[in-house]
Amino acid sequence: QVQLVESGGGLVQAGGSLRLSCAASGRTLSNYAVGWFRQAPGKERELAAAINWAGTNTYYADSVKGRFIVSRNNAKNTVYLQLNSLKPEDTAVYYCATKTNWYAKNYDYWGQGTQVTVSS
């Protein structure tokens, strides 16, 4: 059974940083692309960042470009999202999800999410 578990969320002041982790069991993450999504109350879920299996391709939404960094350690079966220069509008539940390859449309497995709250 595949499980993705996010951790590292919390409450931080504007301008601060957090590092989120996405750890997998039942699946070797190195075989998959991983996306970090976020959903704020009353808003649609958006893809914030993504990384391919090797870490050689990344994607960032315009709203996070230059502030967030996605990375992975395949030896630890973990993907990270470094959140820097946080703004109150970054407040959301952050989810990681996997897809079979970089060009696949759909993500197949999802974690339960971790809350990030940024105070002004």
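This passage walks through a predicted model, starting from its disulfide and moving out to the strands, loops and rings around it.

The structure holds 1 disulfide. Its two ends are Cys22 and Cys96, with the sulfur atoms 2.1 Å apart. Cys22 sits in strand E3 (residues 18–25) and Cys96 in strand E9 (residues 92–99), so the link ties together parts that are 74 residues apart in sequence. For anyone new to the idea, a disulfide is a covalent bond between the sulfur atoms of two cysteines. The angle about the S-S bond is 70°, and the link of Cys22 and Cys96 is right-handed. As for where the two cysteines end up, Cys22 is buried, and Cys96 is buried too.

Strand E9 deserves a closer look. Of its 8 residues, 7 are buried, so E9 is largely enclosed by the rest of the structure. What does E9 pair with? One partner is strand E4 (residues 33–39), which runs antiparallel to E9 and shares 7 bridges with it. Within that pairing, Arg38 is matched with Tyr94 of E9. Another partner is strand E11 (residues 114–119), again antiparallel, this time over 3 bridges. Here Val93 has Gln115 as its bridge partner in E11, and Ala92 has Val116. Then there is strand E10 (residues 109–110), joined to E9 by 2 bridges, with the two strands running antiparallel. In that case Thr98 is paired with Tyr109 of E10.

Next comes E11, seen from its other pairing. Strand E2 (residues 10–13) pairs with E11 over 4 bridges, and this pairing is parallel. Leu11 has Thr117 as its bridge partner in E11. The strand has two faces: Thr114, Val116 and Val118 make up the covered one, while Gln115, Thr117 and Ser119 make up the uncovered one.

Thr117 makes a handy example from this strand. Is Thr117 buried or partly exposed? With a relative accessible area of 28%, Thr117 is partly exposed. Once its neighbours within four places in sequence are set aside, Thr117 is in contact with Gly10, Leu11, Val12 and Thr91. Its side chain also makes a polar contact, at 3.3 Å, with the side chain of Gln115, a residue that is likewise on the uncovered face of E11. Sequence separation and distance in space can also be set side by side here: Thr117 and Asn106 are 11 residues apart in sequence, and their C-alpha atoms are 27 Å apart.

Now for the aromatic rings. A search of the whole structure finds 3 aromatic pairs. In one of them, the rings of Phe37 and Tyr107 have centres 4.9 Å apart and planes at 90°, so this pair counts as edge-to-face. Phe37 lies in strand E4 and Tyr107 in the loop between E9 and E10, so the pair ties together parts that are 70 residues apart in sequence. Which side of the 20% cut-off for buried residues do these two fall on? Phe37 is buried, with a relative accessible area of 9%, and Tyr107 also counts as buried, at 14%. The picture then widens a little, with ring pairs linking Phe37, Tyr107 and Trp110 into a cluster.

Some rings also have a charge sitting over them. The charged end of Arg19 is placed over the ring of Tyr80, 4.2 Å from the ring centre. Likewise, the charged end of Lys99 sits over the ring of Trp102, with 5.8 Å to the centre.

Finally, a word on backbone angles. Most residues other than glycine have a negative phi. Asn77 goes the other way: its phi is near 55°, a positive value, and Asn77 is not a glycine. Asn77 is found in the loop between strand E7 (68–73) and strand E8 (78–83). At 17% relative accessibility, Asn77 counts as buried. Ser85 also has a positive phi, of about 50°, although Ser85 is not a glycine. Ser85 is placed in the loop between E8 and E9. At 40% relative accessibility, Ser85 counts as partly exposed.

Notes. Residues are numbered from 1 along each chain as its sequence is written. This is a predicted model: local features need pLDDT of at least 70, side-chain atom pairs count only at pLDDT 80 or more; totals for chains, interfaces and linings use all residues. Side-chain values use heavy atoms; hydrogens and water are left out. A disulfide is a pair of cysteine sulfur atoms within 2.5 Å. Buried means under 20% relative accessible area, exposed over 50%, partly exposed in between (1.4 Å probe, protein chains only). Two strands pair if DSSP finds at least two bridges between them. Contact means heavy atoms within 4.5 Å. A polar contact is a pair of N or O atoms within 3.5 Å; within protein, one must be able to donate a hydrogen and the other to accept it, and residues adjacent in sequence count only if both atoms are side-chain atoms. Rings of Phe, Tyr and Trp (its six-membered ring) pair if their centres lie within 6.5 Å; planes under 30 degrees apart count as stacked, over 60 as edge-to-face and the rest as tilted. A charge sits over a ring if NZ of Lys or CZ of Arg is within 6 Å of the ring centre and within 35 degrees of the ring normal.
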